[in-house]
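Open the model in your viewer and keep the selection panel at hand. The stops below go from one selection to the next.

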Amino acid sequence: MAPVPSFPVKVGHIDDVQELKKIKPSSIPERFVRDMIERPKLAAVTTPSSCSLHIPVVDLSKISNSQDFHNEIMKLSTSCEEWGFFQVINHGIDLDLLEKMEKISMEFFMLPLEEKQKYPMAPGTVQGYGQAFVFSEDQKLDWCNMFALGVEPHFIRNPKLWPTKPLDFSETVDIYSREIRKLCKNLLKYIAMSLGLNEDIFEEMFGVAVQAVRMNYYPACPRPDLVLGLSPHSDGSALTVLQQGNCSSSVGLQILKDNVWVPVQPIPNALVINIGDTIEVLTNGRYKSVEHRAVTHQEKDRLSIVTFYAPSYEIKLGPLAELVDENNPCKYKRYNHGEYSMHYVTNKLQGKKTLEFAKIYDN
């Protein structure tokens, strides 16, 4: 999250969606109204349980159990290969810590607007309070308020953006981020094992991994059929960890599976994991990053907390030699991860378009 654009960015006026909700506008401001092709189908917004597809669930306690190890690793492999998403249970993170992180995130979003605006997200950047990935005055906006922070390594932090309220905000984010970092390292070991690779291959390759956290607040919207909470995109990270707030009873996350938007039903105390572009490249496309988006609800607000875990900016990446052969030719070029991060954060969210940066096309 350290990269910033090298060009001036004009974003125009951006309404704060929590403030919009308070005034109950008679119509949705035009910048939030999506083109017809982008609008979520109302049935998918209002009746998520009607979809029979459910993303896989991986029980991490079974991976450490020799009796269940093989079955659970196979389930992890299938999840990464066919879905790019899965939920993890028995992940080892204290549930009180998850609850506390949700509490301080909610407390931050409930602060007066003038307090939150002390930590502004500058145009074209992705740290602070506001809307990220906005690069023009006519770009459609997401029905979402974001608060994002660089966490590790320390040089990507902007201390001016770490709030003084709630009082225990910074301490809680640091403790939470350490635990999520451990989880990501373990997940990468298991992913390596599912590919038949040395379990430490990603850890050794990544150097001092980059980690960022973003809190998303989606207020209820009077016309959820016209807006999106978050535009369709894949993540530029290696892994993304999503905590869906227990206080948020509405389903907001949807993933694109076989050209159908599938709602992700939250499992209490589970964490949602998705494969980022980095793992797609490293596995030569065997494990795929998947487009996902957020939709809104007519009556219910929703909170989510997202952690992005990626290699050091200095690392050069490309498909692992072990996963390239005659039957699986190299699909992606080698590139510097810092270059890719700059490319990712200086473009609007637009499906998997940012991954075009790395693809090799046959002549």
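Select W83 and K257: K257 lies over the face of the W83 ring, 4.7 Å from the ring centre. Bear in mind throughout that this is a predicted model.

Next, select strand 2, residues 85-89. Of its 5 residues, 4 are buried, so strand 2 is largely enclosed by the rest of the structure. Add strand 1, residues 57-59, which runs parallel to strand 2 and is joined to it by 3 bridges. Within this pairing, V58 has V88 as its bridge partner in strand 2. Now add strand 10, residues 271-275, which pairs with strand 2 in the antiparallel sense over 4 bridges. Here the bridge partner of V88 is L271.

Clear the selection and turn to the aromatic rings. How many aromatic pairs does a search of the whole structure find? The search finds 12. One of them is F108 with F109, an edge-to-face pair at 5.8 Å centre to centre, with 75 degrees between the planes. F108 has 0% relative accessibility and therefore counts as buried; F109, with a relative accessible area of 1%, is buried too.

Keep F108 and add Y129. Their ring centres are 5.9 Å apart and their planes stand at 70 degrees, so this pair is edge-to-face. It links distant parts of the chain, 21 residues apart: F108 belongs to helix 5 (residues 95-109) and Y129 to strand 3 (residues 128-130). Y129, like F108, is buried.

To finish, extend the selection to F108, F109, Y119, Y129, F147, F169 and Y217, which ring pairs link into a cluster.

Notes
Residues are numbered from 1 along each chain as its sequence is written. This is a predicted model: local features need pLDDT of at least 70, side-chain atom pairs count only at pLDDT 80 or more; totals for chains, interfaces and linings use all residues. Side-chain values use heavy atoms; hydrogens and water are left out. Buried means under 20% relative accessible area, exposed over 50%, partly exposed in between (1.4 Å probe, protein chains only). Helices (H or I, at least four residues) and strands (E, at least two) are DSSP runs, numbered from the N terminus. Two strands pair if DSSP finds at least two bridges between them. Rings of Phe, Tyr and Trp (its six-membered ring) pair if their centres lie within 6.5 Å; planes under 30 degrees apart count as stacked, over 60 as edge-to-face and the rest as tilted. A charge sits over a ring if NZ of Lys or CZ of Arg is within 6 Å of the ring centre and within 35 degrees of the ring normal.
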